[in-house]
Amino acid sequence: MADQSVPRPGSPVRGSTTGRPVMAALDLLGRRWTLRVIWELHRAPAGFRELQRRCDRMSSSVLTTRLAELADVALVEEGADGYRLTRLGRELVESLLPLDTWARRWEKSLRR
């Protein structure tokens, strides 16, 4: 059964009473630690403790919640090698890479 508190397209989310897909995605990705978990898993799959270490030792309760939410919306799965991104999760990271490139340019421009 899907967790009703996890943002998903078609259900009301922050910024959209109709649950527009982009607003649902932004609501999900805007949750504390969510993007960090995704970003760390894009590097390589990881077990719970390793992922917690990579995420600056975030609390185990927050990590448990984020992993459950991301699994509920088909972005993360657990396998023999630990937690890993699904195909959809990898596609999300691919779509975020241009933003990462822009953010690095932005950082450089602010240092001038």
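## Arg54 and the end of α3

Arg54 is found in helix α3, which covers residues 48-54. In this predicted model, Arg54 has a relative accessible area of 10%, and since buried means under 20%, Arg54 is classed as buried. What does Arg54 touch once its neighbours within four places in sequence are set aside? The contacts are Arg36, Glu40, Leu41, Arg43, Ala44, Pro45 and Ala46. Helix α2 spans residues 34-43, which is useful to keep in mind when looking at the numbering of those partners.

## The loop after α3

Moving along the chain, we come to the loop between α3 and α4, where Asp56 has its place. Asp56 has a positive phi of about 55° although it is not a glycine. Arg57 is found in the loop between α3 and α4 too, and its phi is near 60°, again a positive value in a residue other than glycine.

Are these two loop residues buried or exposed? Asp56 is exposed, with a relative accessible area of 55%. Arg57 counts as exposed as well, at 64% relative accessibility. Anyone checking backbone torsions in this model may like to have both residues on the list: Asp56 with phi of about 55° and Arg57 with phi near 60°.

## The overall layout

Let us step back to the whole chain. The secondary structure comes to five helices and two strands. Read along the sequence, the pattern is α-α-α-α-β-β-α. The C-alpha atoms fill a box of roughly 50 × 35 × 25 Å, taken along the principal axes.

Of the 112 residues in the protein, 34% are buried. Among contacts with a separation of 6 or more, 41% come from residues 24 or more positions apart.

## How the helices pack

Helix α1 (residues 21-29) has Ala24, Asp27, Leu28 and Leu29 as buried residues. What do the buried residues of α1 pack against? They pack against α2, α4 and α5.

Helix α2 also meets α5 and α4. The axes of α2 and α5 come within 11 Å and cross at roughly 105°, so the two helices are roughly perpendicular to each other. On the α2 side, the contact is made by Leu35, Ile38, Trp39 and His42, and on the α5 side by Leu92, Val93, Leu96, Leu97 and Asp100. For α2 and α4, the axes come within 10 Å and cross at roughly 75°, which makes α2 roughly perpendicular to α4. Here Thr34, Val37 and Ile38 in α2 meet Leu63, Arg66, Leu67 and Leu70 in α4. Ile38 thus appears in the α2 contact with α5 and in the meeting of α2 with α4.

## A buried glutamate in α4

Glu69 lies in helix α4, residues 60-72. At 6% relative accessibility, Glu69 counts as buried. Which side chain does the side chain of Glu69 meet in a polar contact? The partner is the side chain of Arg31, at 2.7 Å.

Leaving aside neighbours within four places in sequence, Glu69 is in contact with Val6 and Arg31. Arg31 therefore shows up both as a contact of Glu69 and as its polar partner, where a polar contact is a pair of N or O atoms within 3.5 Å.

## The hairpin

After α4 come the two strands of the pattern. Strand β1 (residues 76-79) and strand β2 (residues 82-85) pair in the antiparallel sense over four bridges. A hairpin of two residues joins β1 to β2. One of the bridges links Val76 to its partner Leu85 in β2.

## Two tryptophans on α5

The structure holds one aromatic pair. Trp102 and Trp106 form this pair, with 5.2 Å centre to centre and 20° between the planes. Because planes under 30 degrees apart count as stacked, the pair is described as stacked.

Why do these two rings come from positions that suit a pair along a helix? Trp102 and Trp106 are four residues apart in helix α5 (residues 87-110), which means that about one helical turn separates them. An α-helix has 3.6 residues a turn, so residues three or four places apart point the same way. Trp102 is partly exposed, with a relative accessible area of 41%, and Trp106 counts as partly exposed at 46%.

Notes: Residues are numbered from 1 along each chain as its sequence is written. This is a predicted model: local features need pLDDT of at least 70, side-chain atom pairs count only at pLDDT 80 or more; totals for chains, interfaces and linings use all residues. Side-chain values use heavy atoms; hydrogens and water are left out. Buried means under 20% relative accessible area, exposed over 50%, partly exposed in between (1.4 Å probe, protein chains only). A polar contact is a pair of N or O atoms within 3.5 Å; within protein, one must be able to donate a hydrogen and the other to accept it, and residues adjacent in sequence count only if both atoms are side-chain atoms. Contact means heavy atoms within 4.5 Å. Two strands pair if DSSP finds at least two bridges between them. Rings of Phe, Tyr and Trp (its six-membered ring) pair if their centres lie within 6.5 Å; planes under 30 degrees apart count as stacked, over 60 as edge-to-face and the rest as tilted. Axes are lines fitted to C-alpha atoms, for helices over the stretch in contact, and angles run from 0 to 180 degrees between N-to-C directions. Angles under 35 degrees count as roughly parallel, over 145 as roughly antiparallel, 65 to 115 as roughly perpendicular and the rest as oblique.
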